Amino acid sequence: MEEILDNSILDAPKIVVTPPGPRSAEILKQQEELETSALNYPKYFSIAVKEAKGSTIVDVDNNVYIDWFAGIAVVNLGHNNPIIRQAVDSQLDKIWHYMEIPTEIRIEFMKTLRRTLNFDAKFLFTTTGADAVEAAVKIARWNSGKRYIIAFNEAYHGVSAATIGLSNMLNHRKFQPYYDNNVIRLPYPYEYRCPFKDCLNEVLSLVDYEMKNNDVAGIIVEPVAGEGGYIVPPKGFLKGLREITTEYNVPLIIDEIQTGVGRTGKIWAYEWEGIKPDIVTISKGIGEGIPISLVAFNKDLDKLPQAFHLGTYRGNPIGMAVGNATLNYIMNSNLLERVITLGDFTKKRFDEIMEDNYKQGKYDVRGLGFMIGIEFSNERKDPISVKPFIDILLKKGIIMYKSGIYDNVLRYMAPLTIPKLLIDRGLEKFEETIKLSNQIKI
Ligand SMILES: Cc1ncc(COP(=O)(O)O)c(C=O)c1O
């Protein structure tokens, strides 16, 4: 068993000047002058970053933050992890780019990936998460010869022209109103807000109804809805979808872009339901920050013609070296047990803190592994924006981001290697924030 390698700055958080400090403010100003007004994240985190180690970030004014954001669930093994660094370094000495012409690392990575999957997989490399989703849907339509894709209400599968129709982020849709609308949208079994008595079975019966009555090419689903609000569906959901798709003989696409690579305590979150998918989309954690993504799909679906899905940068060798090192590390360490134990602990503490301190309204704490969401609402129908909480947390040295289609969920998505000490310190700051929110009535 390998030890959990972590190089976090252990006396974090350390705020020496209230963010944004003068140097951060200057760099943010320059960014505003140079870069598009369409930026999103600097509107939440008004800092400029100097460096990052493990689960800690240092800004250019030398403030040290605990990172519960992980570059949006990407650096699962922490920033600047020595194992990942070594994988990058050794690949840099070999080759960085040569299209699909095979390299040793390409073959090795695919063999390692196969060991983690429970079906006989073949692979198609892509570049971003949205690109992988686009390719997955293309594979489903090509194989079934059918048209519609079933996707869910709290889904996020990307915002490219081909994926925005699958995602249900209404403000993003507004920006490109002419999207692929060959999508049948159904409710996700979101128990906190579910209008049905028996949420799981009602949703499954809607899926069955649409399958029976439409030209459905496949279903795409997140095992835990990520951008939609860290919603964990009831047990039996994926199994139910598996049974229905098998009955109608169409592919089940599991989008593991956010849930995969250990984030829920299994390498792939679909393992929690013991199902075998037909197609899996993979990105984020597999590259640890190096842009790489891919589709793993059952070899029976590999009836794809030459040049079916093109793109210059698909399958970057440095990304493959990182992916290979990441999966080997996960398989040879106790990281997954750690995610389950610490994930349960952290969720319980969030629940206790909310129960003891939050007097403003209603809330829901939920999650699986290191995907934990805290939803805020006065009544279930009346969401409370979490932006003010994010601001207070940042000033206290905690980087925590939002989620949910109403922007009313705070989410915990720290690197999986975070030391327990930094979870405890972050929770202290979280408790102070919730107490303060009562006083200032946000
Ligand atoms: C589940 C899921 N699918 C797809 C995507 C899109 O990935 P990308 O942002 O790399 O296009 C995301 C991104 O957050 C995601 O969480």
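**Exercise 1.** State which helix holds Asp 391, and decide whether Asp 391 is buried, partly exposed or exposed.

*Solution.* Step 1: Asp 391 belongs to helix 11, residues 387-395; helices are DSSP runs of H or I with at least four residues, strands are runs of E with at least two, and both are numbered from the N terminus. Step 2: the relative accessible area of Asp 391 is 27%, so Asp 391 is partly exposed. The classes are buried (under 20% relative accessible area), exposed (over 50%) and partly exposed in between, with a 1.4 Å probe and protein chains only.

The model is predicted: local features need pLDDT of at least 70, side-chain atom pairs count only at pLDDT 80 or more, and totals for chains, interfaces and linings use all residues. Residues are numbered from 1 along each chain as its sequence is written, and side-chain values use heavy atoms, with hydrogens and water left out.

**Exercise 2.** Locate Thr 163 and find the side chain that it contacts.

*Solution.* Step 1: Thr 163 sits in the loop between strand 5 (148-152) and helix 6 (170-175). Step 2: its relative accessible area is 0%, so Thr 163 is buried. Step 3: the side chains of Thr 163 and Ser 160 share a polar contact of 2.8 Å. Such a contact is a pair of N or O atoms within 3.5 Å; within protein, one must be able to donate a hydrogen and the other to accept it, and residues adjacent in sequence count only if both atoms are side-chain atoms.

**Exercise 3.** Find where Ile 72 lies and where Tyr 230 lies, then give phi for Ile 72 and for Tyr 230.

*Solution.* Step 1: most residues other than glycine have a negative phi. Step 2: Ile 72, in helix 2 (residues 70-73), has a positive phi near 60 degrees. Its relative accessibility is 13%, so Ile 72 counts as buried. Step 3: Tyr 230 lies in the loop between strand 7 (216-221) and helix 8 (237-248), and its phi is also positive, about 50 degrees. Tyr 230 is buried, at 0% relative accessible area.

**Exercise 4.** Describe the peptide bond between Ala 12 and Pro 13 and the one from Pro 19 to Pro 20.

*Solution.* Step 1: most peptide bonds are trans. Step 2: Ala 12 and Pro 13 are joined by a cis bond with omega about -5 degrees. Step 3: the bond from Pro 19 to Pro 20 is cis, with omega near -5 degrees. Step 4: Pro 13 lies in the segment before helix 1 (22-34), and Pro 20 is in the segment before helix 1.
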